[in-house]
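Grab your viewer and work through these exercises on helix packing and ligand contacts. Try each one before you read its solution.

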Amino acid sequence: MKVAFLASEVMPYAKTGGLADVAGALPKFLARLGAEVRVFMPLYREVRKKNLPLERVIVSASVEMGGAKLAYGVFTHRADGVTLFFIDRPEFFDRDCLYGTSAGDYPDNAERFAFFSRAALETMRAVGFSPDILHGHDWQSALVFAYLRHVYAGDPFFARTRTMFTIHNLAYQGLFDEEILGRIGLPASLFNMNDLEFYGQVNALKAGILYSTAVTTVSPRYSREIQTPDFGCGLDGLLRSRSAVLHGILNGVDYRDWDPATDRLIPRNYGPGDLPGKTICRNGLAALFGLAAPADLPIAGMVTRLAGQKGLDIVCDALDDLLGLGLRLVILGTGDQKIQDFLLAAQKKCPDRIGLKIAFDERIAHTIYAGSDIFLIPSRYEPCGLTQMYAMKYGTVPVVRATGGLDDSVQEFDPRAGTGNGFKFVEAEPGPLVETAGRAAASFKKSAEWRRLVGNAMAADFSWERSASAYLELYKKLASA
Ligand code: ADP
């Protein structure tokens, strides 16, 4: 089974969120199951800075897009049974950020990622890799399906190729003006509502939903939610029309990167049988953020984009009441300026009860997963969510809103039966968040009950093996149809 995997971010090379974790791990696990996987991603500045031993495979090639000839090179790198191809065009990718700065998205994102798709297809041809399955992710890789359908139709090199499109977040659709079609070398006739037009703009994500053989999303519940007007971001009708080929496969965790027993980024390794190690991590976290953290008051952590999706506004509204419960709060995140300002001001007022770091920092993220007692995820919607799964492995109990993958992966704790691994609430409001965090805080005070809950959380198994097998099954079904 030959699989070409297109993603705009891949761990450990470049990351802004969960897509990178998935695109870094899933190919490795597919390779272990015997698939031959080639991953294609842009050669960003962030990748360059890592000084990897990259091998140049294409010195200079070009694709024609909208009358212009765009030159590029290709580098390759092999790790964990997976070969990566980095598409190198400095004008597009040698920049500080992946998609844009705090001032907004890069204005040429359509051209950048359309070019990435075209160059990836041409690289497959150049290296003789004719895929059985081409698997693209999110809007940045969705235009590849438009090219296959409308530019490469009838090309014998891709005649056998079946395609899969995975939606990691339906809210990010890649919307551009109509005239972009000409500039990225797609027919102007696609600007109609049955193709790429969406309320007067071109919608890149639609290309993935419409022109792929199968569509997947990253949890079973989210695959159902996005077919409803509340979660469909205007595309629920289209998604319902594709429901026969729309699947939800829960993401996994790569426990080689996310295991407190082996994690090199935390103060002390520990496991289910060695919880004093977790206390050392807790003390380390409190010291790092200058918190007064008595042993009977839980530290609640968050590692998150500071965005409305993640329910940060709910946390801001609930802040006084959360502190009123005695919680210590530690937040690591980047994003929305208004949320940042609010949190910075709150932290200044209560420096011994709120820890805040506005940054994207892998080490601090691991330190928070390990050192917190509770992990807050009040998302308004959550396609899968990885942070609750990481938190559980570190014995940090999730308090989540029951939506998408959060609902699929967290089971409500029942103290009498001793079952469940976290706490859930339904309404996206401060009241239910505070009430549920309060239940967690009360449970934290009962040490036998809490030990049981922490044990349950650490025992939850979200390893990639199961999810990778589900993808492989689906690939096989598509390839043989
Ligand atoms: P999303 O992709 O919607 O942001 P996920 O829960 O799927 O949310 O994945 C988030 C990933 O990004 C996790 O690996 C999390 O640890 C990481 N992350 C989020 N914010 C930060 C940050 N400020 N610093 C380090 N890692 C972060």
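**Exercise 1.** Is the crossing in which α11 passes α12 left-handed or right-handed? Then work out how the two helices are oriented and what fills their contact.

*Solution.* Keep in mind that this is a predicted model. The crossing of α11 past α12 is left-handed. Next, get the geometry: α11 covers residues 312–324 and α12 covers residues 337–349, and they pack at about 30° with axes 11 Å apart. Angles under 35 degrees count as roughly parallel, so α11 and α12 are roughly parallel to each other. Now look at the side facing the partner: α11 brings Leu312, Cys316 and Leu319, which meet Ile339, Phe342, Leu343 and Ala346 of α12. Sorting the residues of this contact gives 7 nonpolar, no polar and no charged.

**Exercise 2.** At what angle do α16 and α17 pack, and how far apart are their axes?

*Solution.* Start with helix α16 (residues 430–445) and helix α17 (residues 447–459): the angle is about 115°, and the axes are 5 Å apart. That makes α16 roughly perpendicular to α17. On the α16 side, the contact uses Ala440, Ser443, Phe444 and Lys445, while α17 supplies Ser447, Glu449, Trp450 and Leu453. The tally here is 4 nonpolar, 2 polar and 2 charged.

**Exercise 3.** How many residues surround the ligand, and which are the closest?

*Solution.* Count 19 residues around the ligand, with Gly18, Asp21, Arg305, Ala359 and Tyr369 the closest. Then check some polar atoms. Lys310 places a polar side-chain atom 2.9 Å from a ligand oxygen. For Leu386, a polar backbone atom is 2.9 Å from an oxygen atom of the ligand. Asp361 has a backbone N or O atom 3.0 Å from a ligand nitrogen.

Notes
Residues numbered from 1 in each chain as written. Predicted model: local features only at pLDDT ≥ 70, side-chain atom pairs only at ≥ 80, totals over all residues. Heavy atoms only, no water. Axes fitted to C-alpha atoms, helices over the stretch in contact; angles between N-to-C directions. Helix = DSSP H or I, 4+ residues; strand = E, 2+ residues; numbered from the N terminus. Parallel < 35°, antiparallel > 145°, perpendicular 65-115°, else oblique. Left-handed = near helix turned anticlockwise from the far one by under 90°. Contact = heavy atoms within 4.5 Å. Nonpolar A, V, L, I, M, F, W, Y, C, P; charged D, E, K, R; others polar. Near = heavy atom within 4 Å. Polar contact = N/O pair within 3.5 Å; in protein donor to acceptor, adjacent residues only side chain to side chain.
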